[in-house]
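Here is a short, informal walk through one structure for someone meeting it fresh. Keep the picture handy while you read.

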Amino acid sequence: MATVRENLIAAKALIDTPEKWGKGAYASGGCLCAIGALSRATGLDVGTVEMVSNEHRALLAALPDGWSPDALSAIPDFNDDDTTTHADIMALFDRAIAAQVEA
């Protein structure tokens, strides 16, 4: 069984270039959003990520200031925000992965 850290790394790898990452849908045209990537990395059907998984909690905790770590929709909202860039999503995963190393 993969660790939370391993699943976060695998999810990040699925969207590691801007061409693989998308907004507005868990999966569309070969692209995945942050939750879609997390779903696929943990072996779930895309879009059916358990919103209380340890991986989900790790991403919530890594959200930048101003995004509620308690709101279940915070990750999709952050992913789909007009101002969010691919670099922002990569940084989100980096923060979540780093926190797992420290845990």
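## Leucine 44 and the end of H2

Leucine 44 sits in the loop that runs between H2 and H3. This is a predicted model, so read every value here as something computed from it. With a relative accessibility of 35%, leucine 44 counts as partly exposed, because that value falls between the 20% and 50% cut-offs. Try finding alanine 10 as well: leucine 44 and alanine 10 are 34 residues apart in sequence, and their C-alpha atoms are 13 Å apart in space.

Glycine 43 comes just after H2, and it takes a positive phi of about 85 degrees. Helix H2 itself covers residues 34-41 and is mostly covered, with 7 of its 8 residues buried. The buried ones in H2 are Ala34, Ile35, Gly36, Ala37, Leu38, Ser39 and Ala41.

## Leucine 14 reaches H2

Now go back along the chain to leucine 14, which belongs to helix H1. At 30% relative accessibility, leucine 14 is partly exposed. The C-alpha atoms of leucine 14 and alanine 34 are separated by 9.3 Å, although the two residues are 20 apart along the chain.

What does leucine 14 touch, leaving aside residues up to four places away in sequence? The list is Lys20, Leu32, Ala37, Arg40 and Ala41. Two names there may look familiar: Ala37 and Ala41 are also among the buried residues of H2.

## Where H1 crosses H3

H1 spans residues 4-14 and H3 spans residues 54-62; they pack at an angle of about 70 degrees, with their axes 9 Å apart. That angle makes H1 roughly perpendicular to H3, because anything from 65 to 115 degrees gets that label.

Which residues make the contact between H1 and H3? On the H1 side they are Val4, Asn7 and Leu8, and on the H3 side Asn54, Glu55, Ala58 and Leu59. Sorted by class, the contact has 4 nonpolar, 2 polar and 1 charged residues.

## Arginine 95 and its neighbours

Ala58 turns up again when you look at H5. Helix H5 runs over residues 86-102 and holds arginine 95. Arginine 95 and alanine 58 are 37 residues apart in sequence, yet 8.8 Å apart in space, C-alpha to C-alpha.

Not counting residues up to four places away in sequence, arginine 95 touches Ala62, Leu63 and Pro64. Is arginine 95 buried or partly exposed? At 35% relative accessibility, arginine 95 counts as partly exposed.

## An aromatic pair and helix H4

Searching the whole structure turns up 1 aromatic pair. The partners are tryptophan 67 and phenylalanine 78, and their arrangement is edge-to-face, at 5.3 Å centre to centre and 75 degrees between the planes. Tryptophan 67 lies in the loop between H3 and helix H4 (74-80), while phenylalanine 78 is in helix H4, so the pair ties together parts that are 11 residues apart in sequence. The two rings have their own degrees of cover: tryptophan 67 is partly exposed, with a relative accessible area of 25%, whereas phenylalanine 78 is buried, at 5%.

Helix H4 is also home to proline 76. Proline 76 counts as buried, with a relative accessibility of 16%. Across the sequence, proline 76 and tyrosine 26 are 50 residues apart, but 8.7 Å apart in space when taken C-alpha to C-alpha.

## Two cysteines, no bond

How many disulfides does the structure hold? The count is 0. Look at cysteine 31 to see why: its sulfur is 10 Å from the closest cysteine sulfur, the one in cysteine 33, which is too far for a bond. A disulfide would need the two sulfur atoms within 2.5 Å.

Both of these cysteines are covered, each with its own value. Cysteine 31 is buried with a relative accessible area of 18%, and cysteine 33 is buried with a relative accessible area of 5%.

Notes: Residues numbered from 1 in each chain as written. Predicted model: local features only at pLDDT ≥ 70, side-chain atom pairs only at ≥ 80, totals over all residues. Heavy atoms only, no water. Axes fitted to C-alpha atoms, helices over the stretch in contact; angles between N-to-C directions. Helix = DSSP H or I, 4+ residues; strand = E, 2+ residues; numbered from the N terminus. Parallel < 35°, antiparallel > 145°, perpendicular 65-115°, else oblique. Contact = heavy atoms within 4.5 Å. Nonpolar A, V, L, I, M, F, W, Y, C, P; charged D, E, K, R; others polar. Phe/Tyr/Trp six-rings, centres within 6.5 Å; stacked < 30°, edge-to-face > 60°. Buried < 20%, exposed > 50% of the residue type's maximum accessible area, 1.4 Å probe, protein only.
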